[in-house]
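Good morning, and thank you for joining. I would like to take you through one protein model, with attention to its aromatic rings. Please look at the display before I continue.

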Amino acid sequence: FFFITAFAMMAIGNAAGAYYINYNLSGSAEELSIFMGLGSIPAFIFMPMIPAIKRMVGKKGMFYIFLITAIIGMAMLYAISVIPALRKHMWMVYMAQFIKSTGVIVATGYMWALVPEVISFGEYTHGRRISGIVNALTGIFYKAGMALGGVVPGLVLAFVDFDKTAATQTPFAEQGILWLVAVIPAILLALAMFIISRYELDDDVIDRINREIESRS
């Protein structure tokens, strides 16, 4: 379920990025390129820090911190768009995008580390290493999340009467784009936080499970 919400969130947000810059902020192609590029830069900065961060705050703590960071970035993007005095400051948009992307990249990057933990738990519980089943389910959830993320933008844009032939959009259509960029992804991230709060395989449990598996061999 975390995979579904995470990939749906990324698909929706990425699909709406160009609409956001072009119609809500009347940005140029260069500004759009910078905005989209900032979605990847945090990976090179923060991903190498993940082991140290996890040691300091724990697995769940790290998820909470970076999911909240992403929500803060989305809230900033929303606020910048609805406050006229802020819309002309593109550097603020870039900063908000960087903050949002930092949270998204770290949280969704580390979620792949949960896969071998689930596999170990399956072996500990049932005596069989169910790596094939877990990876197959992961692939299904990934595709389900991407499919959901592909459907939602079209439905929202149709609901707000987005006109792809118009150079400017109605305030309601611009609001719909904001839903896609900030509101819906933030809701999905809040749901992801609830889902990860139910995850019981903390580091101590995994260490104990791995020792038990090794002792059986």
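Phe162 is buried, because its relative accessibility of 18% falls under the 20% limit. Please bear in mind that the model before you is a predicted one. Phe162 sits in the loop between H9 and helix H10, which covers residues 171–197.

What is the relative accessible area of Tyr19? The value is 30%, so Tyr19 is classed as partly exposed.

How are the rings of Tyr19 and Phe162 arranged? Their centres are 5.2 Å apart and their planes stand at 85 degrees, so this pair is edge-to-face. Tyr19 belongs to helix H1, and the pair therefore ties together parts that lie 143 residues apart in sequence.

Allow me to widen the view to the other rings. Searching the whole structure yields 15 aromatic pairs. One of the pairs is formed by Phe1 and Phe141, and this pair is stacked. Its centre-to-centre distance is 6.4 Å, with 20 degrees between the planes. Phe1 lies in the segment before helix H1 (2–24), while Phe141 lies in helix H9 (residues 131–159), so parts 140 residues apart in sequence are tied together by this pair.

Is Phe1 buried or exposed? Phe1 counts as exposed, at 67% relative accessibility. Its partner Phe141 has a relative accessible area of 29% and is partly exposed. There is also a cluster, in which ring pairs link Phe3, Phe7, Trp112 and Tyr142.

I turn now to the protein as a whole. How many helices and strands does the protein contain? There are 11 helices and zero strands. Read along the sequence, the pattern is accordingly one α after another. The C-alpha trace spans about 65 × 35 × 25 Å along its principal axes.

Of the 217 residues in the protein, 44% are buried. Among contacts with a separation of 6 or more, 75% are between residues 24 or more positions apart. The two ring pairs described earlier, at 140 residues apart and 143 residues apart, also join parts distant in sequence.

Finally, the surface and the charges. The protein exposes about 11200 Å², and carbon and sulfur atoms supply 67% of that area. There are 15 positive and 14 negative side chains. The centres of these two sets lie 3 Å apart.

Definitions and conventions: Residues numbered from 1 in each chain as written. Predicted model: local features only at pLDDT ≥ 70, side-chain atom pairs only at ≥ 80, totals over all residues. Heavy atoms only, no water. Helix = DSSP H or I, 4+ residues; strand = E, 2+ residues; numbered from the N terminus. Buried < 20%, exposed > 50% of the residue type's maximum accessible area, 1.4 Å probe, protein only. Contact = heavy atoms within 4.5 Å. Areas by Shrake-Rupley, 256 points an atom, 1.4 Å probe, with all protein chains shown as cover. Lys, Arg positive; Asp, Glu negative; His and termini not counted. Charge placed at Lys NZ, Arg CZ, Asp CG, Glu CD. Phe/Tyr/Trp six-rings, centres within 6.5 Å; stacked < 30°, edge-to-face > 60°.
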